[in-house]
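Here is a short tour of a protein model, written for someone who likes to check geometry by eye. Have the viewer open and follow along.

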Amino acid sequence: MKLVVVLICLLFWTVREGEARPPCNYPPAQWCSSLEIATACQVEHQCMEYQRKKDADPVMISLYYESLCGACRGFLVLQLFPTWLMLNDIMNVTLVPYGNALERNESGKWVFSCQHGEQECTGNMIETCIMHSLQDPYRFLPIIFCMESADNVTAAAQLCLQVYEPLLPWDNIKNCVNGDLGNKLMHHNAELTRALNPPHDYVPWILVNGKHTEDLEDEAMNALFNLICNTYSGVKPKACAKPKGLNSFPKCMI
């Protein structure tokens with residue numbers, strides 16, 4: 001739909017004064033379907049730009065973190081979420097809340113121990129259940145941001161959910177957290193974290209397009225916005241014209 005609106009606007013801009021007839025007989029939805037039609041409709045350049053954007057893969061950012069880790073919260077609140085708000089059309093975000101936690105199997109159920117105590121395990125589980133319930137980052141990222149920017153992450157969870165997803169009952173999230181589903185989801189997070197190569201030494205542990213290096217980690221922690229703009233191989237959005245940098249925080253070590 002956005003493409004159709006843009007092309008319609010561009011078409012009107014290119015129509016010369018006094019010309020009342022349209023330059024082609026094809027509906028806007030077909031203007032970029034072939035070079036012949038694009039040429040007839042005088043939108044070759046716009047269609048090429050659109051195709052370049054569509055063909056470029058978004059930058060993949062994977063964040064392995066803990067819900068109560070100060071450095072994780074700082075990165076998520078001051079770097080990741082603001083960058084995503086401005087560049088979500090050229091980046092994808094994956095969140096894995098587990099970090100430096102440990103798990104053990106007791107009678108077929110997983111029991112977790114977290115670096116910052118039981119409250120952190122609860123926060124990890126709540127955020128995992130919210131992401132599983134909503135699936136769409138456009139829906140769950142504002143809630144995670146709301147929680148992580150609050151003084152008390154777990155106490156803020158219900159209110160944050162009500163603000164951003166009022167139709168999702170809090171009881172659904174509680175049932176996930178306290179039931180088998182949440183237990184299985186958190187075990188999956190543990191498996192994803194253990195599978196990291198190289199293994200993580202601290203959190204936040206950040207992957208850029210599936211890759212972790214100290215240089216990438218430092219750049220992401222200090223200027224994620226610039227990193228995304230520089231890494232994206234397609235046509236840069238206008239927001240990338242103005243470099244931005246934000247504060248970083250000391251990491252939570254194992």
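## The open sheet

This is a predicted model, and a good place to start is its open sheet: three strands in the order β2-β1-β6, with mixed pairing. Because β2 (91-97) and β6 (205-208) each have a single partner strand, they stand at the edges, and one side of each has no neighbour in the sheet. From one strand to the next, the twist averages 15°.

Now look at how β1 meets β6. Strand β1, residues 59-65, pairs with β6 in the antiparallel sense, over four bridges. If you want a residue to click on, try Tyr64, which stands opposite Trp205 in β6.

## Helices against the sheet

Helix α4, made of residues 70-87, packs on the sheet and touches β1, β2 and β6. The direction of α4 makes about 155° with that of β2.

Helix α6 (residues 137-148) lies across β1 and β2. Which angle does α6 make with β2? Helix α6 runs at about 50° to β2.

## The whole protein

Stepping back, the protein has 10 helices and seven strands. Its chain counts 254 residues, and 45% of them are buried.

For the contact map, take the contacts between residues at least 6 apart in sequence: 67% of these join residues at least 24 apart. As for the surface, the protein exposes about 13800 Å², with carbon and sulfur atoms supplying 55% of that area.

Definitions and conventions:
Residues numbered from 1 in each chain as written. Predicted model: local features only at pLDDT ≥ 70, side-chain atom pairs only at ≥ 80, totals over all residues. Heavy atoms only, no water. Helix = DSSP H or I, 4+ residues; strand = E, 2+ residues; numbered from the N terminus. Buried < 20%, exposed > 50% of the residue type's maximum accessible area, 1.4 Å probe, protein only. Contact = heavy atoms within 4.5 Å. Areas by Shrake-Rupley, 256 points an atom, 1.4 Å probe, with all protein chains shown as cover. Pairing = 2+ DSSP bridges. Axes fitted to C-alpha atoms, helices over the stretch in contact; angles between N-to-C directions.
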